[in-house]
Amino acid sequence: MLNQLKEMNPLIHCMTNMVVTTYTANGLLAIGSSPVMAYAKEEVQDMATAAGALLLNIGTPSVELTEAMILAGKAANKAGKPVILDPVGAGATAFRTDICHQILKEVDVSIVRGNAGEMAALVGMSGVVKGVDGSLDGDKQAVAKKVAEQYSCVAVLTGDVDTITDGERLYLVSNGHEWLTKVVGTGCLLGGVVAAFVSTVNKSDYAEAAAYAVSFYGAAAEKAYDKTKNQGYGSFAQDFIDQLGLLTENEAEQLRKVES
Ligand code: ATP
Ligand code: TZP
Ligand code: MG
Ligand code: MG
């Protein structure tokens, strides 16, 4: 899948938050995709139509941006392109939860990628969301399944073990490293990386491609940790971008920790 991605060099239209923009663009370039950030309602429909996938990340939300996201999402739907939603901070405020519900009502979202607390908030289950950080004491698989069923999408619920499901197939990914939680934007970049991988496959393979993307991403983080563990989080953040570009398909296969 990685070689196919590099060959296709898909354009990924990101409507993301102002914290993570450059990190997301660099990570997407590293894996072999082509990112573009575009927000104006005057152009988002054209950009979403031209792109291989659309990422909607509500990290720094506003009413105007939500309207533009819905325009872009509808255009992507019309063009048959996958739409990935990152519900950043859903559950932290009613405003964010409402925006997600509005997007999910108006747009056919292919994949929702969030932490456990955010995913629980989308289906009215109780998790913990403090700002943009979320967790859940309860059953993560049950939450992921409910998100997948309620919104007819692939749910990618991340944490120490990542749960990916379309409501029928289930993948559990144990790749990754705890240091990913010490670098802002690693959840957001993952949404972009999932978008890039799913843009290269048919709809029936979105769940499998998402699981591949999450495992690949986690394996790159493991390599970055090995290299920078005696330095710190800043060096890890930089090296992680390097590893996203250096990791080969064979190596990713060897490091893969996926149960299905
Ligand atoms: P949060 O803000 O709560 O950290 P997030 O939106 O940043 O959420 P994460 O759940 O942190 O998203 O997921 C981002 C990446 O970090 C995923 O690849 C996930 O597998 C990885 N990850 C998160 N926590 C751990 C952990 N404890 N061990 C290994 N990998 C982790
Ligand atoms: N505040 C608003 S968006 C954002 C912050 C800190 C980035 C969140 O990034 P991630 O990937 O969820 O850690
Ligand atoms: Mg995180
Ligand atoms: Mg996040």
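A residue counts as exposed when its relative accessible area is over 50%, as buried when that value is under 20%, and as partly exposed in between. The structure above is a predicted model, and this scale helps in reading several of its residues, beginning with two that share an unusual backbone feature.

By that scale, Ser 152 counts as exposed, because its relative accessibility is 58%. Ser 152 is found in the loop that joins α7 (140-151) to β8 (154-158), and its phi is near 45°, which is a positive value in a residue other than glycine. Asn 9 can be read alongside it: here too phi is near 45°, positive although the residue is not glycine, and the residue is placed in the loop between α1 (2-8) and β1 (11-15). Asn 9, however, is partly exposed, because its relative accessible area of 39% falls between the cut-offs of 20% and 50%.

From these loops the reader may turn to ligand 1, whose space is the largest pocket. The elements that contribute two or more residues to the shell around this ligand are β5 (111-115), β7 (133-135) and α8 (186-198). In total 17 residues surround ligand 1, and the closest of them are Arg 113, Val 132, Asp 133, Thr 158 and Asp 162. Sorted by class, the shell of ligand 1 consists of 4 nonpolar, 8 polar and 5 charged residues.

Which atoms make the polar contacts with ligand 1? Two of the contacts involve side chains: an N or O atom in the side chain of Asp 133 is 2.5 Å from an oxygen atom of the ligand, and an N or O atom in the side chain of Thr 158 is 2.8 Å from an oxygen atom of ligand 1. His 177, by contrast, takes part through its backbone, where an N or O atom lies 3.3 Å from a nitrogen atom of ligand 1. Taken alone, ligand 1 exposes 610 Å², and the protein buries 85% of that area.

Ligand 2 likewise sits in the largest pocket. The residues around it are Asn 17, Val 19, Val 20, Gly 59, Val 132, Val 184, Gly 185, Thr 186, Gly 187 and Cys 188. Val 132 therefore belongs to the surroundings of both ligands, because a residue is counted as near a molecule when one of its heavy atoms lies within 4 Å of it, and Val 132 is listed for ligand 1 as well as for ligand 2. By class, the shell of ligand 2 has 5 nonpolar and 5 polar residues, with no charged residues.

The polar contacts described for ligand 2 come from the backbone. A backbone N or O atom of Cys 188 lies 2.8 Å from an oxygen atom of ligand 2, while for Gly 185 the corresponding distance from a backbone N or O atom to a ligand oxygen is 3.4 Å, and for Thr 186 it is 3.4 Å. Taken alone, ligand 2 exposes 380 Å², of which the protein buries 79%.

Helix α8, one of the elements that give residues to the shell of ligand 1, also contains Ala 195. Is Ala 195 buried or exposed? Ala 195 counts as buried, because its relative accessibility is 0%, and the cut-off for that class is under 20%. Computed along the chain, Ala 195 and Ala 209 are 14 residues apart, and their C-alpha atoms are separated by 9.4 Å in space.

Technical notes
Residues are numbered from 1 along each chain as its sequence is written. Chains are lettered from A and ligands numbered from 1 in the order in which they are written. This is a predicted model: local features need pLDDT of at least 70, side-chain atom pairs count only at pLDDT 80 or more; totals for chains, interfaces and linings use all residues. Side-chain values use heavy atoms; hydrogens and water are left out. A polar contact is a pair of N or O atoms within 3.5 Å; within protein, one must be able to donate a hydrogen and the other to accept it, and residues adjacent in sequence count only if both atoms are side-chain atoms. Accessible areas come from the Shrake-Rupley method with a 1.4 Å probe; for residues, only the protein chains shown count as cover. On a 1 Å grid over the protein atoms alone, a cavity is a set of points where a 1.4 Å probe fits but cannot get out, and a pocket is an open set with protein on both sides within 12 Å along at least five of seven lines; lining residues have an atom within 4 Å of a point. A molecule sits in a cavity or pocket if more than half of its atoms lie within 2 Å of its grid points. Helices (H or I, at least four residues) and strands (E, at least two) are DSSP runs, numbered from the N terminus. Ala, Val, Leu, Ile, Met, Phe, Trp, Tyr, Cys and Pro count as nonpolar, Asp, Glu, Lys and Arg as charged, and the others, Gly among them, as polar. Buried means under 20% relative accessible area, exposed over 50%, partly exposed in between (1.4 Å probe, protein chains only).
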